[in-house]
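Reader: I would like to learn how to read a few features of a protein model. Could you take me through them one by one?

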Amino acid sequence: MLIKPVEDMLLRNADHYLIPADIVANVQTDNNLYHAFLVLTKIKYSKIPVLDNAGHFEGLISLPMITEKMLGFDQLNTDVLMDCRVSEVMERDVKTVERVEDVETSLHLMIDNPFVPVVDATGIFKGIVTRREFMKSFNFLTHEIGKQYDMIEKDFSTSEKAKS
């Protein structure tokens, strides 16, 4: 659990965390892999969201997922890009958050992921929260917390931990 002053300071910038769905590159489950390959190559992101036709978040796709499908025994099979659908290779078990203000969950998820998808209660994709935006807020926190809160260092020299 985050201590209250840290959570409060991180939440001050919460309105900047969400990159809205309408500006996040994505593909749809029924797109072919050729389309997904082009999108990923042009935008230079490692992964992008996959949505259904109604805007529900379905998962993520990356270039390695696509190239894995193209790999043959002795050559690349690029024909598969036209025939195979995104839904056949995408990552489906993706953790999401419903609220940008769920700072603690987002922080845990961003340890291993560059972004966290934000979906509403019905599964509609709302956007992403990026590690980059959190790092900006963390930078703000490290520079400002001492100006806004009195910090008192605790003495642990007499604790059981210090004795061992």
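Reader: Which backbone nitrogen does a side-chain oxygen of asparagine 32 reach at the start of α3?

Author: Some ground rules come before that. This is a predicted model, in which local features need pLDDT of at least 70 and side-chain atom pairs count only at pLDDT 80 or more, while totals for chains, interfaces and linings use all residues. Residues are numbered from 1 along each chain as its sequence is written, and side-chain values use heavy atoms, with hydrogens and water left out.

Author: Now your question. A polar contact is a pair of N or O atoms within 3.5 Å; within protein, one must be able to donate a hydrogen and the other to accept it, and residues adjacent in sequence count only if both atoms are side-chain atoms. Here the partner is tyrosine 34: a side-chain oxygen of asparagine 32 comes to within 3.2 Å of its backbone nitrogen. As for the element names, helices (H or I, at least four residues) and strands (E, at least two) are DSSP runs, numbered from the N terminus.

Reader: Which residues of α3 are buried?

Author: Buried means under 20% relative accessible area, exposed means over 50%, and partly exposed is in between (1.4 Å probe, protein chains only). In α3, which spans residues 33-43, the buried ones are Leu33, Ala36, Val39 and Leu40. They lie on the same side of α3 because they cover an arc of only 125 degrees around the axis. That arc is taken from the directions from the helix axis to the C-beta atoms.

Reader: What do the buried residues of α3 pack against?

Author: Contact means heavy atoms within 4.5 Å. The partners of the buried α3 residues are β2 (27-28), β3, β4 (57-62), α4 (63-70) and α5 (80-83).

Reader: What about the phi angle just after α3?

Author: Most residues other than glycine have a negative phi. Lysine 44 has a positive phi of about 65 degrees although it is not a glycine. Lysine 44 sits in the loop between α3 and β3, and with a relative accessible area of 73% it is exposed.

Reader: Let me try the same reading on helix α1. Which of its residues are buried?

Author: In α1 (residues 4-11), they are Val6, Met9 and Leu10. Their arc around the axis is only 100 degrees, so they are on the same side of α1. They pack against α2 (14-17), α6 and α7 (131-148).

Author: Leucine 10 makes a good close-up. Its relative accessible area is 4%, so it is buried. Not counting residues up to four places away in sequence, leucine 10 touches Leu2, Tyr17, Val103, Leu107, Ser137 and Phe138. Leucine 10 and methionine 135 are 125 residues apart in sequence, with 9.9 Å between their C-alpha atoms.

Reader: Now pockets. How much space lies in the largest pocket?

Author: Rolling a probe the size of a water molecule over the atoms shows where empty space is left. On a 1 Å grid over the protein atoms alone, using a 1.4 Å probe, a pocket is an open set of points with protein on both sides within 12 Å along at least five of seven lines, and lining residues have an atom within 4 Å of a point. Grid points are joined across faces, edges and corners, and a volume is the space filled by probe spheres set on the points.

Author: The largest pocket holds about 220 Å³. Its lining has 13 residues, with Tyr45, Lys47, Phe115, Ile128 and Thr130 nearest the centre. Two elements, β3 (47-51) and β6 (125-130), give two or more residues to this lining, and β3 gives the most, with three.

Reader: Is threonine 130 buried or exposed?

Author: Threonine 130, in strand β6, is at 12% relative accessibility and so counts as buried. A polar atom of its side chain lies 3.2 Å from the backbone nitrogen of glutamate 133. Threonine 130 also touches Tyr17, Ile19, Met110, Pro114 and Phe115, leaving out residues up to four places away in sequence.

Reader: What is the volume of the second largest pocket?

Author: About 150 Å³. Residues lining the second largest pocket include Lys47, Glu91, Asn113 and Phe115, and strand β5 (residues 115-119) gives the most to that lining, with three residues.

Reader: Where is asparagine 113 found?

Author: Asparagine 113 is in the loop between α6 (103-109) and β5. It is partly exposed, at a relative accessible area of 29%, and its side chain reaches the backbone oxygen of leucine 109 at 2.8 Å.
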